[in-house]
Amino acid sequence: MALAEARASAAAGEVPVGAVVVDGAGEILARAGNRREAEQNPLAHAELLALSAAARAAGSWRLAGATLYVTLEPCAMCAGAIVLARIARLVYGAADPKAGFCGSLGDLVRDPRLNHRAEVLGGVLAEESGALLKGFFAGLRASGRAAL
């Protein structure tokens with residue numbers, strides 16, 4: 001489902017990242033793709049949109065027991081939101097060596113100094129997630145829009 005959200009984001013001209021939040025019982029609470037370009041909002045990352053919608057669906061900002069599935073390793077901003085939302089488990093696809101903060105550049109979601117830590121499983125469907133990103137950015141470079 002996160003890959004489907006990422007594909008829809010790419011089709012809309014957004015960086016192809018998709019996210020899905022599932023509660024502890026396995027019910028889907030929310031799903032989202034990047035919307036930074038559509039909303040002209042630097043905060044409209046797939047993870048933040050999905051977490052916000054999941055909190056509304058759950059009726060609580062505390063998403064204890066929930067799992068966040070995302071196609072790309074979350075950045076520092078999204079990693080902070082994962083901690084603040086009390087997400088129990090993060091599952092991501094492609095690592096992000098330039099901006100990832102769940103193991104690549106840093107590891108905010110597992111920092112022992114914080115009051116909450118998430119279990120992390122990276123590399124799930126990494127090839128598919130990475131191929132979407134590579135194809136998207138190759139298309140941007142070919143069209144001369146590489147500044148996105």
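**Exercise 1.** In this predicted model, determine how many bridges join β1 to strand β3, and in which sense the two strands run.

*Solution.* Begin with the two strands themselves: β1 is joined to β3, which covers residues 67-72, by 4 bridges, and the strands run antiparallel. Then take a single position as an example, where A19 has V70 as its bridge partner in β3.

**Exercise 2.** Describe how β1 pairs with strand β2, and what lies between them.

*Solution.* The pairing of β1 with β2, the strand of residues 28-33, is antiparallel and extends over 5 bridges. One of the positions to inspect is V22, whose bridge partner in β2 is I28. The connection is a hairpin with 5 residues between the strands, and in its turn G26 has a positive phi of about 90 degrees.

**Exercise 3.** Work out which residues of β1 lie on each side of the strand, and whether they are buried or exposed.

*Solution.* Take the strand as a whole before dividing it: β1 comprises residues 18-22, and 5 of its 5 residues are buried. Next, separate the faces, with G18, V20 and V22 on one side and A19 and V21 on the other; both faces are covered.

**Exercise 4.** Locate E5, and explain why E5 is classed as buried.

*Solution.* E5 is placed in helix α1, which spans residues 2-11. Its relative accessible area is 16%, and because buried means under 20%, E5 falls into that class. Finally, list its contacts beyond four places in sequence: E5 touches V17, G18 and A19, and also R31, A32 and G33.

Methods
Residues numbered from 1 in each chain as written. Predicted model: local features only at pLDDT ≥ 70, side-chain atom pairs only at ≥ 80, totals over all residues. Heavy atoms only, no water. Buried < 20%, exposed > 50% of the residue type's maximum accessible area, 1.4 Å probe, protein only. Contact = heavy atoms within 4.5 Å. Pairing = 2+ DSSP bridges.
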